[in-house]
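Please open the structure in a viewer and keep the sequence beside it. The tour proceeds by selection, from the whole chain to single residues.

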Amino acid sequence: MENLARGCRPLEMANSMAGSGQHSMAVAMAAIDAAIALRAGGLEDAPVQSAFTAPQQMPYIDLSSNRISTPDREVDVLFVLQQPQVILLGNVLSSEECDAIVAHCGNRYTRSTVTAENDGASVVHEGRTSEMAFIRRGEAEVAERIERRLAALAHWPVENGEPFQLQKYGVTQEYRPHYDWLDPDSGGHRSHLAMGGQRLATFVLYLSDVEQGGGTAFPGLGLEIYPRKGNAVWFLNTDANHQPDRQTLHAGAPVVRGTKIIANKWLRQGRYG
Ligand SMILES: O=C(O)CCC(=O)C(=O)O
Ligand SMILES: [Fe+2]
């Protein structure tokens, strides 16, 4: 109640309640709705319009023309799937920018990990056989420039983005079907949710061409996007209420010939970290 009176946003409160581990997300949302109804003078168990059915602010890409101007580069809209939203963008990075990011990471890669469901630890998993590297914010001018470009494209603050996560796949390496959204009802994901909230959107930047295989596949949608250096695929991980969208199951298909290098950028609800 006091939090509502202080003007806290219902979704942030629900995330923090679920994040404490005491409540599931559903219980937290129901409790906040009941408190809002009480404040409005209603009865605790009277049916109310849920604060969580009102659409929230989302990052978005302006699709009103086929070429998007960002402050420093023109980006092409190549493909749009409306529901769930998946957009393929061309010319997001120059070839030199891709090379500069790859060179910056040199050989700092380690075996990729996933977030453990039970305790949130980073663990090696047979479903993700690639290697990964991170670029911390402020570490490389080229990365910062691209972060500003992506923020402009997505109409979402740079501060809400996780640091770039590079993934390098050699022949046979892959990332099997998974979701990028964090599960509010999984104990292990709660500490990650506490650092900026849900991952609303994903950018996958392709930093290399791949001779065969290595597509980004959405098995439930019958869709596979092939890597092309400088292109990027964007998808929304949640609906307009910031709730996880199960249609977004996706995978990095095994590389058959060549080497695939991508950079992931996840956009959180709030400031990351
Ligand atoms: O490798 C890809 O194309 C997708 C990678 C991915 O989904 C991830 O790293 O979360
Ligand atoms: Fe993913």
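The stops below go from the overall fold to the cores, the ligand and individual loop positions.

**The whole chain**

Begin with everything displayed, bearing in mind that this is a predicted model. A cartoon representation shows six helices and 17 strands. Along its principal axes, the C-alpha trace extends over about 65 × 40 × 40 Å. The radius of gyration is 20 Å, which agrees with the value near 19 Å for a compact globule of 273 residues. Of the 273 residues, 34% are buried. If contacts are drawn between residues at least 6 apart in sequence, 72% of them join residues at least 24 apart.

**Two domains**

Next, colour residues 2–39 as domain 1 and residues 67–268 as domain 2. The centres of these two domains, taken over C-alpha atoms, are separated by 30 Å.

**The cores**

Select Leu-205, Leu-207, Ala-232, Val-233, Trp-234 and Ile-262, the residues with the most contacts inside the largest nonpolar core, which has 41 residues. Then highlight strand 10, residues 199–206: this strand contributes six residues to the core, the most of any element. Apart from this core lies another, of six residues; select Met-25, Ala-28, Met-29 and Ile-32, which are among them.

Return to Trp-234 and show its surroundings. Leaving aside residues up to four places away in sequence, Trp-234 touches Ile-61, Ile-87, Leu-89, Ala-201, Thr-202 and Phe-203.

**The ligand shell**

Which residues surround ligand 1? Select Gln-167, Tyr-175, Asp-180, Val-204, Thr-216, His-250, Gly-252, Ile-262 and Asn-264 to display them. Colouring this shell by residue class gives three nonpolar, five polar and one charged. Now add strand 15 (250–252) and strand 17 (260–268), each of which supplies at least two residues of the shell. Ile-262 deserves a second look here, as this residue belongs to the ligand shell and is also listed among those with the most contacts inside the largest core.

**Loop positions**

Move to the loop between strand 2 (73–81) and strand 3 (86–90), where Pro-84 is placed. Display the backbone there: the peptide bond from Gln-83 to Pro-84 is cis, with omega near -5°.

Continue past strand 3 into the loop that leads to helix 4 (95–105), and select Asn-91. Although Asn-91 is not a glycine, its phi is positive, at about 65°. Is Asn-91 buried, exposed or partly exposed? Asn-91 is partly exposed, because 15 other C-beta atoms lie within 10 Å.

A second positive phi is found at Thr-172, a residue other than glycine, with a value near 80°. Select Thr-172 in the loop between strand 8 and strand 9 (175–178). Thr-172 counts as exposed, because it has 10 C-beta neighbours inside 10 Å and the limit for that class is 12 or fewer.

For the last stop, select Pro-157 in the loop between helix 5 (141–154) and strand 8 (164–169). Pro-157 has 14 C-beta neighbours inside 10 Å and therefore counts as partly exposed. Add Gly-270 to the selection and draw the C-alpha to C-alpha distance, which is 8.7 Å. In sequence, Pro-157 and Gly-270 are 113 residues apart.

Notes
Residues numbered from 1 in each chain as written. Chains lettered and ligands numbered in written order. Predicted model: local features only at pLDDT ≥ 70, side-chain atom pairs only at ≥ 80, totals over all residues. Core = buried A, V, L, I, M, F, W, Y, C linked by C-beta atoms within 7 Å. Buried ≥ 20, exposed ≤ 12 C-beta atoms within 10 Å, placed from the backbone. Helix = DSSP H or I, 4+ residues; strand = E, 2+ residues; numbered from the N terminus. Contact = placed C-beta atoms within 7 Å. Domains from an automatic or database assignment. Rg over C-alpha atoms; globule rule 2.2 N^0.38 Å. Near = placed C-beta within 6 Å. Nonpolar A, V, L, I, M, F, W, Y, C, P; charged D, E, K, R; others polar.
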